[in-house]
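Let's talk through some charged pairs and the reasoning behind the labels they get. Have the model open as you read.

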Amino acid sequence: MTTPGVDDAVQEKPEKEPVAERRLHPITPLRRAWAPVAVVIGWAVHDPDQAQRQLTRLTTTTLLIALAVIIPAAALYGFLTWWFTHFAVTDTELRIRTGLLFRRTAHIRLERIQAIDVTQPLLARVAGVTKLRLDVVGTDKKDELAFLGEREARALRAELLARAAGFAPETAHEVGEAPARELLRTPPRDLALSLVLTGATWGALVAALVVPPLLWMATHSLWTVLATAVPLLGAAGASSIGRFVAEYDWTVGESPDGLRIDHGLLDRSHETVPPGRVQTVRIVEPLLWRRRGWVRVELDVAGSSNSVLVPVAPREAAEAVVARVLPGVTVPPPSALSRPPRRAGRCMPLWWRGHGLAVTDTVFASRRGLLRRSLALVPHAKVQSVRLSQGPWERLWGVADVHVDTGANKTVTARLRDAREAAQLLGAQAERSRTGRKGARPDRWMV
């Protein structure tokens, strides 16, 4: 005997529609085709003597034949890797299927996505394409979709964020990118001057100019000088010109899905600081910046590589942006930071004066550094564990260190506190962390 209507209900249930897979932009094979060529170049750089000997043995005919084989093979490799790469968006996840010989399928759950960055290298800007880089909770390496058309990339980013926020699948593609309101823009002149006033820039430049001549006088070996000079010149360029190019036109905007950061002179990046994922904010103040009242703001974001919030700005403007990242948090003024006891100078002569501590209702604030000051702010809700350490010499002078561990696998330390104060701070901070997590904001988009 069958129950009336059951079979009809089963028959009327619509079948689940297959998920439509999409391919990347047709220009992508040009990017993938460089892989075989990069292998050859890497071999030549790794063993330049052997590469030079092999090149001298090649005749013009052999070289032309090699090029006639390598170039089509590289083009075919690029085309096949593009042809076998697909992605699809379902109600709950983003699927990325790649691999020519060895297949790989990544299932990225939408609720685990915490940031989607849009980046455009210089050649990609010329071609009108871009790539999406996804920060996912619990993974160190970012998955990426490279390349997509600019409109398609921004529409896909908005759709993924809308689905992650809980919008219905049929309306997620209609939500669009949330509007942003500009909070801060770094003028190029201020950025250039801040780099000139940074000690690391001059230190790398002096090392690049002084060390190679000294090595030449000591060894008279050209290869030794080049092997040392090239990395030093690269470090000097990265700390000055490289930073200026990367941080050019730095703009911070506020939107419902977090703080948006746009920057870059040649390669443009459109990044998002995920709400609720910021574990630590550091306000850095180099010595030569203090007269101008400039600071730099850095971040520790759980599972993300985003580390700079503001490259350089007046303290008041930077603190206003910090208030957007950490709602309800007020940056303690220097006068509110208590120094370690004077006997701490027996453990760390002179430099003990650079340390300070302030604990408010919302944050654990610890300062370190005498020439380059750095004030770390850790919201109580982000503290994962609290530890106290005391070496033999510190125990002799009655001081101890209090370590606060965050969800970004980083530690903020209050150095050389009075031993009794440190013991009280240990228990009090554990209680603040428990109560702080109860009222913490959810780590979700657009909530």
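Q: At 30% relative accessibility, why is Glu 144 called partly exposed?
A: This is a predicted model, by the way. The value for Glu 144 is 30%, and partly exposed is the band between under 20% and over 50%, so Glu 144 lands in that band.

Q: What makes Lys 131 buried?
A: Its relative accessible area is 17%. Buried means under 20%, so Lys 131 gets that label.

Q: Why do the side chains of Lys 131 and Glu 144 count as a salt bridge?
A: The N to O distance is 3.9 Å. The cut-off is within 4 Å, so the pair qualifies. Lys 131 sits in strand β5 (residues 129–136) and Glu 144 in strand β6 (residues 143–149), so the bridge ties together parts 13 residues apart in sequence.

Q: How do you know that Arg 185 forms a salt bridge with Glu 182?
A: Their closest N and O atoms are 3.1 Å apart, and the limit is 4 Å, so the pair passes. As for exposure, Arg 185 is at 43% and Glu 182 at 46%; both count as partly exposed.

Q: What makes Arg 282 and Glu 298 a salt bridge?
A: Closest N and O atoms 3.5 Å apart, against a cut-off of 4 Å, so yes, they pair up. Arg 282 belongs to strand β11 (residues 278–285) and Glu 298 to strand β12 (residues 294–301), so this bridge joins parts 16 residues apart in sequence. Both residues are buried.

Q: Which residues are linked with Arg 282 and Glu 298 in a network of salt bridges?
A: Arg 243, Glu 247, Arg 296, Asp 300 and Lys 410.

How values were computed. Residues are numbered from 1 along each chain as its sequence is written. This is a predicted model: local features need pLDDT of at least 70, side-chain atom pairs count only at pLDDT 80 or more; totals for chains, interfaces and linings use all residues. Side-chain values use heavy atoms; hydrogens and water are left out. Helices (H or I, at least four residues) and strands (E, at least two) are DSSP runs, numbered from the N terminus. Buried means under 20% relative accessible area, exposed over 50%, partly exposed in between (1.4 Å probe, protein chains only).
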